[in-house]
Amino acid sequence: MKFALATMNPLEEVLSKKLFSFGGFVFTNHMVMVALAASVLLIVLPLSCRKVRLVRHGFGNAIETICVFFRNEVVRPFLKEQTDKYVPVIWTLFFFILSMNLLGMIPLDKIIYIFTGEKNHIVGAATGNIFVTGALALFSFIFFHAAGILENGVGNYIRNFCPKVPGPIYPLIFLLEVLSSFIRMFSLAVRLFANLFAGHMMLAVILGFIFFFKNILAATVSISFAALISMLELFVAFLQAYIFAFLTTIYIGMAIHQDH
């Protein structure tokens, strides 16, 4: 039992692992998953919506429903007449994060092992890596400030960056608004990372009990709980992608409509 405790490491399921290097640049499993998610989107979305129809069917209908929901129910209330200008970015963020979340739930390493018989590390939720979620949050941070500057001009954007307050306390309020802006970026990164990381850790721990106790009862209970957690994780994959896109929409709305 002590040996099992020593060898069982749930972090193995979520840590970034080196796959290969090229020209001194190291490629990890999470980088491959990011590229895979982008490739899937570049292929699947155009194929599902390639034909113009009055009413779509199947997967194309699901994609269109999500896009219409985001445009009319999420983005338009905040961005008003600028909705169509910025909604493609919100769609892209949602589907990109969702793809990475869902790909992280597929045991690609086990599937590849079945066909090749060789162990590999092509698996893992890229959004369970703080550097990946940090890059997404940094993009959101730059984008909503850029949108604010584009719509209001540099001078007006900086001048109206904080609410109108008496002159002596203006520098303090301006500094607090700047800090608040950075905190939004960190909260985007940490929220997505923590939820996906915790979900995969919990699954790894629950399945690890099978190797720890090595009996049918433990295996039955572990697999049952793992199935339930997987269903919850599937919901979290959609929810966290939605929250990231929703908050980015709010931040863009706050940047371009500074008077509200």
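The second largest pocket of this predicted model has a volume of about 350 Å³. A pocket here is an open set of points on a 1 Å grid over the protein atoms alone, with protein on both sides within 12 Å along at least five of seven lines, whereas a cavity is a set of points where a 1.4 Å probe fits but cannot get out; lining residues have an atom within 4 Å of a point. Grid points are joined across faces, edges and corners, and a volume is the space filled by probe spheres set on the points. Of the 16 residues that line the second largest pocket, Asn160, Phe161, Cys162, Met254 and Gln258 are the closest to its centre. At least two lining residues come from each of α6 (130-152), α8 (170-213) and α9 (216-256). Helices (H or I, at least four residues) and strands (E, at least two) are DSSP runs, numbered from the N terminus. Sorted by class, this lining holds seven nonpolar, five polar and four charged residues, where Ala, Val, Leu, Ile, Met, Phe, Trp, Tyr, Cys and Pro count as nonpolar, Asp, Glu, Lys and Arg as charged, and the others, Gly among them, as polar.

Turning to enclosed space, the count comes to one cavity of 30 Å³ or more. The largest cavity has a volume of about 40 Å³, and its lining consists of Leu188, Arg191, Leu192, Gln240, Ile243, Phe244 and Leu247. Helices α8 and α9 each supply at least two of these residues, and α9 gives the most, with four. By class, the cavity lining has five nonpolar residues, one polar and one charged.

A few words on numbering and confidence may help here. Residues are numbered from 1 along each chain as its sequence is written. Local features need pLDDT of at least 70 and side-chain atom pairs count only at pLDDT 80 or more, while totals for chains, interfaces and linings use all residues, and side-chain values use heavy atoms, with hydrogens and water left out.

The chain as a whole has nine helices and two strands, arranged along the sequence as α-β-β-α-α-α-α-α-α-α-α. Its C-alpha atoms fill a box of roughly 70 × 55 × 45 Å along the principal axes. Strands β1 (residues 18-22) and β2 (residues 25-28) pair in the antiparallel sense over four bridges; pairing requires that DSSP finds at least two bridges between the strands. Phe20 has Phe27 in β2 as its bridge partner, and Ser21 is matched with Val26. The two strands form a hairpin with two residues between them, and Gly23 in the turn has a positive phi of about 60 degrees.

On the surface, Leu36, Val40, Leu42, Ile43, Val44, Leu47 and Phe59 form a nonpolar patch with about 620 Å² of accessible area together. Patches are made of residues with over 30% relative accessible area and no salt bridge, joined within 9 Å for like charges and within 5 Å for nonpolar side chains (Val, Leu, Ile, Met, Phe, Trp, Tyr). Accessible areas come from the Shrake-Rupley method with a 1.4 Å probe, and for residues only the protein chains shown count as cover. Helix α2 (residues 29-48) gives the most to the patch, with six residues, while Phe59 lies in helix α3 (residues 58-79).

Two salt bridges (a side-chain nitrogen of Lys or Arg within 4 Å of a carboxyl oxygen of Asp or Glu) are present in the structure. One of them joins the side chains of Asp84 and Arg71 (2.7 Å, N to O). This pair links distant parts of the chain, with Asp84 in helix α4 (residues 83-103) and Arg71 in helix α3, 13 residues apart.
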